[in-house]
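Student: I have a model open and would like to go through the reasoning behind its labels. Could we take them one at a time?

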Amino acid sequence: MVWVYVVVMTLTSPVTKDSNFIVHSPNMAFKTEEVCQHWREFDMTRLYKTRPDENAKAVSQCFSLPFKLEGTKS
């Protein structure tokens, strides 16, 4: 199993007041869910601390893909 980390961020335009969605894809894959979740916690803290304003939001997810990698159990 391969675990992939993906983030979707929203930023509100100060001019139009519309929300823009940005998919932040760090192209990171992990051999275990635990390692992916650890990275997710680190990255979400970083994104929160560096957000451009208080209206910026981020949602992240670790999800599995059914690929066999060397060193994985399934």
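Student: Why is Arg46 called partly exposed?

Tutor: Happy to help; keep in mind that this is a predicted model. Arg46 has a relative accessibility of 35%. Buried means under 20% and exposed means over 50%, so at 35% Arg46 counts as partly exposed.

Student: And what makes Asp43 count as buried?

Tutor: The relative accessibility of Asp43 is 2%. The cut-off for buried is under 20%, therefore Asp43 counts as buried.

Student: Why is the contact of Arg46 with Asp43 called a salt bridge?

Tutor: The closest N and O atoms of Arg46 and Asp43 are 2.6 Å apart. A salt bridge needs a side-chain nitrogen of Lys or Arg within 4 Å of a carboxyl oxygen of Asp or Glu, so this pair qualifies. The structure holds one salt bridge.

Student: Where do Arg46 and Asp43 lie?

Tutor: Both are in helix H1, residues 33-49. They sit three residues apart, which is about one turn of the helix.

Student: Now the largest pocket: which residues lie nearest its centre?

Tutor: Leu47, Arg51, Ala56, Lys57 and Ala58 do, out of twelve lining residues. The volume of the largest pocket is about 190 Å³.

Student: Which element gives the most to the lining of the largest pocket?

Tutor: H1 does, with three residues. Strand S1 (2-12), H1 and strand S3 (57-65) each supply at least two.

Student: What makes up that lining by class?

Tutor: Nine nonpolar residues, one polar and two charged line the largest pocket.

How values were computed: Residues numbered from 1 in each chain as written. Predicted model: local features only at pLDDT ≥ 70, side-chain atom pairs only at ≥ 80, totals over all residues. Heavy atoms only, no water. Helix = DSSP H or I, 4+ residues; strand = E, 2+ residues; numbered from the N terminus. Buried < 20%, exposed > 50% of the residue type's maximum accessible area, 1.4 Å probe, protein only. 1 Å grid on protein atoms, 1.4 Å probe; cavity = no way out; pocket = protein on both sides within 12 Å on 5 of 7 lines; lining within 4 Å. Points joined across faces, edges and corners; volume = space filled by probe spheres on them. Nonpolar A, V, L, I, M, F, W, Y, C, P; charged D, E, K, R; others polar.
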